[in-house]
Amino acid sequence: MSCCDDTALTRGLMPLEQARMKMLDSLSVATEIRECDLQRSVGCILASDIYSPINVPPFNNSAMDGYAMAHQSLTHNQTLMMVGKSFAGIPYQGTVAAGQCIRIMTGAMMPKGCDTVVMQENVSAQKTDITINKLPTVGQNVRGLGEEFAQGQLVLTQGCVITPRHIALLASLGFAKLPVRPKLKVAIFSTGDELVKLGQPLADGEIYDSNRFALIAMLERLPVDIIDYGVIPDDPDKIRAAFVDADLNADVIISSGGVSVGEADFTRDIIQEIGEVNFWKLAIKPGKPIAFGQFENSVFFGLPGNPVSSMVTFYQLAKPALLKLGGGIVKPALQLKATLGHNLRKSPGRMDFQRGIVTANDQGELEVTSTGTQSSSMMGSMCLANCFIVLPQAQGNVNSGDVVMVELFDHVLN
Ligand code: AMP
Ligand code: MG
């Protein structure tokens, strides 16, 4: 059966990929640019292409501790007179003639007249001269001027999320400040009369509000500022007031709960009243009902209430949306092949994000097992897992030994 078959199972359910495309297409991208200290920019989105202001390296230098010479002089005589030293930051000022060499350290500037370094392990050194035991090739052990980046060369393109690796590169180019996109303001709240603040005892029928903490914890790993509206009871006036206020103060509003079809699911009606909202029944498990749309000033996500569903829909939909809205480049998640360690039950009709534990066997090949019970209310399965086992919409049961696709959790979940 294909994923597009119009059976009772798939009818009315939108494939995740379609929802993600529709959503991303509807979002406009941030254009504002702020200047940020390099050290504070990790996790921010780069707002402009970066060109190297200098040659990297900025001068020819030695890649080894050893001896620098003109390669030409080696063909006549393997014994060279040592006439000076070049240290990192303290270059040799003179010119080196044929038959001479310079003691040189890693990172030190190549002296005039030298084009090659022989590593010290290949030399017998006397007080004033050296004998080379293994001839180097021309230019060996020299890092050439502009070898990595020429001055003016494109180094990074806008839209990347700045990581410690980017910081290392940008610092080596001398950038004290960077152009970044301003952080999005994200308002967040939970809805539900049953939700109790942490630290309080539970009365009959009550549970702790865990979604808001989970969502905030994930948001803290993204380039956003969070406005926490707390728990809103299942009271239409209070829910409406929260949305109206959040729309005035935030670029994105994320709520959880109340988007299904129950009698206390007021979120649906209210957001429809004040915004342009799509209700999607997604062909994914967990996480079927989700609302997405635009208010006057903000973009809105109404995530399902079940904890695993709200986490998975945040990860699969809201996370790429926040990246795009914030001016970042959205790339598809990396999926890897892994061999399943046991049978898995699945009905065709929805794409399944089962929680899995992926490991490498002695040959380095990936193997995956499920974390067990997959109920969307049970967060324990997420905590044991390090990946989603992604089973396509049309897939039925899967057998031990079958190859499945896994999506490793990224820094937002880990
Ligand atoms: P709802 O979508 O509001 O019908 O909620 C679906 C399920 O998720 C119910 O069992 C709720 O009690 C639970 N739920 C809703 N919001 C939260 C929350 N913030 N934290 C934990 N569980 C929740
Ligand atoms: Mg509810």
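## A tucked-away asparagine

Asn141 is buried, with a relative accessible area of 16%. That label fits because buried means under 20% relative accessible area. Keep in mind as you look around that this is a predicted model, so every value here is computed from it.

Where along the chain should you look for Asn141? Go to the loop between β9 (129-132) and β10 (142-143). Its backbone has a quirk too: Asn141 is not a glycine, and yet its phi is positive, at about 65 degrees.

## Two cis prolines

Now for a couple of peptide bonds. Val56 and Pro57 are joined by a cis peptide bond, with omega at about -5 degrees. To find Pro57, look in the loop between β2 (50-51) and β3 (61-62).

Another cis peptide bond links Lys285 to Pro286, and here omega is about 0 degrees. Pro286 also sits in a loop, the one between β19 (284-285) and β20.

## Helix α6 and its partners

Let's start with α1 (16-26) and α6 (307-325). The axes of α1 and α6 come within 10 Å and cross at roughly 25 degrees. That makes the two helices, α1 and α6, roughly parallel, because angles under 35 degrees count that way. The crossing of α1 and α6 is right-handed. On the α1 side, the contact is made by Leu16, Ala19, Arg20, Met23, Leu24 and Asp25, and on the α6 side by Gln316, Leu317, Pro320, Ala321 and Lys324. Sort the residues of this α1 and α6 contact by class and you get seven nonpolar, one polar and three charged.

Helix α6 has a contact with α3 (residues 211-219) as well. The axes of α3 and α6 come within 11 Å, crossing at roughly 30 degrees. So α3 and α6 are roughly parallel to each other, and their crossing is right-handed. From α3 come Asn211, Ala214, Leu215, Met218 and Leu219, which meet Pro307, Ser310, Met311, Phe314 and Leu322 of α6. What classes do the residues of the α3 and α6 contact fall into? Eight are nonpolar, two are polar and none is charged.

## The nonpolar cores

The largest nonpolar core holds 43 residues. Ile254, Leu282, Phe301, Phe314 and Phe388 have the most contacts inside this core. Elements giving two or more residues to it include the helices α1, α3 and α6, along with strands such as β13 (184-191), β17 (252-256) and β25 (387-391). Which element gives the most? That is α6, with 10 residues.

Zoom in on Leu282. Leaving aside its neighbours within four places in sequence, Leu282 is in contact with Leu13, Met14, Leu16, Ala19, Gly287, Lys288, Ile290, Leu317 and Arg350. Apart from the largest core lies another one, of 17 residues, with Phe189, Ile232, Val259 and Ala291 among them.

## An oblique pair

Next up are α4 (residues 236-249) and α5 (residues 267-274), which pack at an angle of about 45 degrees with their axes 10 Å apart. Are α4 and α5 parallel or oblique to each other? They are oblique, because 45 degrees is not under the 35 degrees needed for roughly parallel and falls outside the ranges for the other named classes. As for handedness, the crossing of α4 and α5 is right-handed.

In this pair, Pro236, Ile239, Arg240, Phe243 and Val244 of α4 touch Thr267, Ile270, Ile271, Glu273 and Ile274 of α5. Those α4 and α5 contact residues divide into seven nonpolar, one polar and two charged.

## Leu366 and Phe175

Leu366 is part of strand β24 (residues 366-370). With 25% relative accessibility, Leu366 counts as partly exposed. Beyond its neighbours within four places in sequence, Leu366 is in contact with Leu336, Lys337, Ala338, Thr339, Val358, Thr359 and Ala360. How many residues separate Leu366 from Ile254 in sequence? The answer is 112, and their C-alpha atoms are 35 Å apart in space.

Phe175 sits in the loop between α2 (164-172) and β12 (177-180). Skipping its neighbours within four places in sequence, you'll find Phe175 in contact with Leu38, Ile50, Tyr51, Pro53 and Leu170. Computed along the sequence, Phe175 and Ser381 are 206 residues apart, and in space they are 44 Å apart, C-alpha to C-alpha.

Technical notes:
Residues are numbered from 1 along each chain as its sequence is written. Chains are lettered from A and ligands numbered from 1 in the order in which they are written. This is a predicted model: local features need pLDDT of at least 70, side-chain atom pairs count only at pLDDT 80 or more; totals for chains, interfaces and linings use all residues. Side-chain values use heavy atoms; hydrogens and water are left out. Helices (H or I, at least four residues) and strands (E, at least two) are DSSP runs, numbered from the N terminus. Contact means heavy atoms within 4.5 Å. Axes are lines fitted to C-alpha atoms, for helices over the stretch in contact, and angles run from 0 to 180 degrees between N-to-C directions. Angles under 35 degrees count as roughly parallel, over 145 as roughly antiparallel, 65 to 115 as roughly perpendicular and the rest as oblique. A crossing is left-handed if the near helix is turned anticlockwise from the far one by less than a right angle, and right-handed if clockwise. Ala, Val, Leu, Ile, Met, Phe, Trp, Tyr, Cys and Pro count as nonpolar, Asp, Glu, Lys and Arg as charged, and the others, Gly among them, as polar. A nonpolar core is a set of buried Ala, Val, Leu, Ile, Met, Phe, Trp, Tyr and Cys residues joined through side-chain atoms within 4.5 Å. Buried means under 20% relative accessible area, exposed over 50%, partly exposed in between (1.4 Å probe, protein chains only).
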